[in-house]
Amino acid sequence: MLKLLLNAAVIALGTVGSAMAQERIRIFSNWGEVTADLADNEAARSLAQMLPLTIEMSDHLRQEKTGNLPSALPELARQRDFSAGTLGLWSSDHFVIYYRSGRLPAPGIIRLGQVTGDVSIFDRPGPVTIRVERAD
């Protein structure tokens, strides 16, 4: 009986730990607002430590908005495929919001998270200033 209770406690704590690890952010601009879930990795945790941030973003290849962070994030494994709503890191301090899906050249991006709202608000030419904050 004791073993059964201990196993149940371990499972419950593991579930709570996973839920607590998920950090949600809000991204505001003059074009609208979206929420995003940060990835469970060191780079995303480092990004969360920088918040709140204001970032000047420019349009790149009509698929993404890009802007510079105030300091570098940790280098991690990279991926080449992305979907609409992927938040990524191109170079160590180059933040990216993808509003279309596609594939990148090597070395790819470090995945920082995924927008849960309508990322199409960024699907327009020209620069935009965003504000990134922790969601309540």
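These legends go with a set of close-up views of a predicted model.

**View 1. The chain as a whole, and how confident the predictor is about it.** Averaged over the chain, the pLDDT comes to 88, and 85% of the residues reach 70 or more. Residues 1-20 are another story: their pLDDT is below 50. Leaving aside near neighbours in sequence, that stretch makes zero contacts in the model.

**View 2. Inside the largest nonpolar core.** This core has 31 residues. Those that touch the most other members are I27, L87, F95, I97, L112, F122 and I130. Several elements give two or more residues each, including the strands β1 (24-29), β2 (32-38) and β3 (53-60). Further along the chain, β6 (86-89), β7 (94-98), β9 (110-115) and β10 (128-134) do so too. The helix α2 (42-50) is also on that list, and with five residues α2 gives the most to this core.

**View 3. Zooming in on I27 and its contacts.** Which residues does I27 touch, once those up to four places away in sequence are set aside? The answer is G32, E33, V34, L87, I97, F122, I130, R131 and V132. Of these, L87, I97, F122 and I130 are named, like I27, among the core residues that touch the most other members.

**View 4. A second nonpolar core.** Apart from the largest core lies another one, made of five residues. Among them are F82, V96, L104 and I109.

**View 5. E33 paired with R26.** Here's one of the eleven salt bridges in the structure. The closest N and O atoms of E33 and R26 are 2.9 Å apart. E33 counts as partly exposed at 43% relative accessibility, and R26 is partly exposed as well, at 27%.

**View 6. K65 meeting D59.** Their side chains form a salt bridge, with 2.7 Å from N to O. Is K65 buried or exposed? K65 is buried, because its relative accessible area is 0%, and the cut-off for buried is under 20%. D59, at 23%, counts as partly exposed.

**View 7. R78 with E75, plus a network.** R78 and E75 form a salt bridge whose closest N and O atoms are 2.9 Å apart. R78 counts as partly exposed at 24% relative accessibility, while E75, at 52%, counts as exposed. Elsewhere, salt bridges that share partners tie D59, R62, K65, R100 and D123 together into one network.

Note on methods:
Residues are numbered from 1 along each chain as its sequence is written. This is a predicted model: local features need pLDDT of at least 70, side-chain atom pairs count only at pLDDT 80 or more; totals for chains, interfaces and linings use all residues. Side-chain values use heavy atoms; hydrogens and water are left out. A salt bridge is a side-chain nitrogen of Lys or Arg within 4 Å of a carboxyl oxygen of Asp or Glu. Buried means under 20% relative accessible area, exposed over 50%, partly exposed in between (1.4 Å probe, protein chains only). pLDDT is the predictor's confidence in each residue, from 0 to 100. Contact means heavy atoms within 4.5 Å. A nonpolar core is a set of buried Ala, Val, Leu, Ile, Met, Phe, Trp, Tyr and Cys residues joined through side-chain atoms within 4.5 Å. Helices (H or I, at least four residues) and strands (E, at least two) are DSSP runs, numbered from the N terminus.
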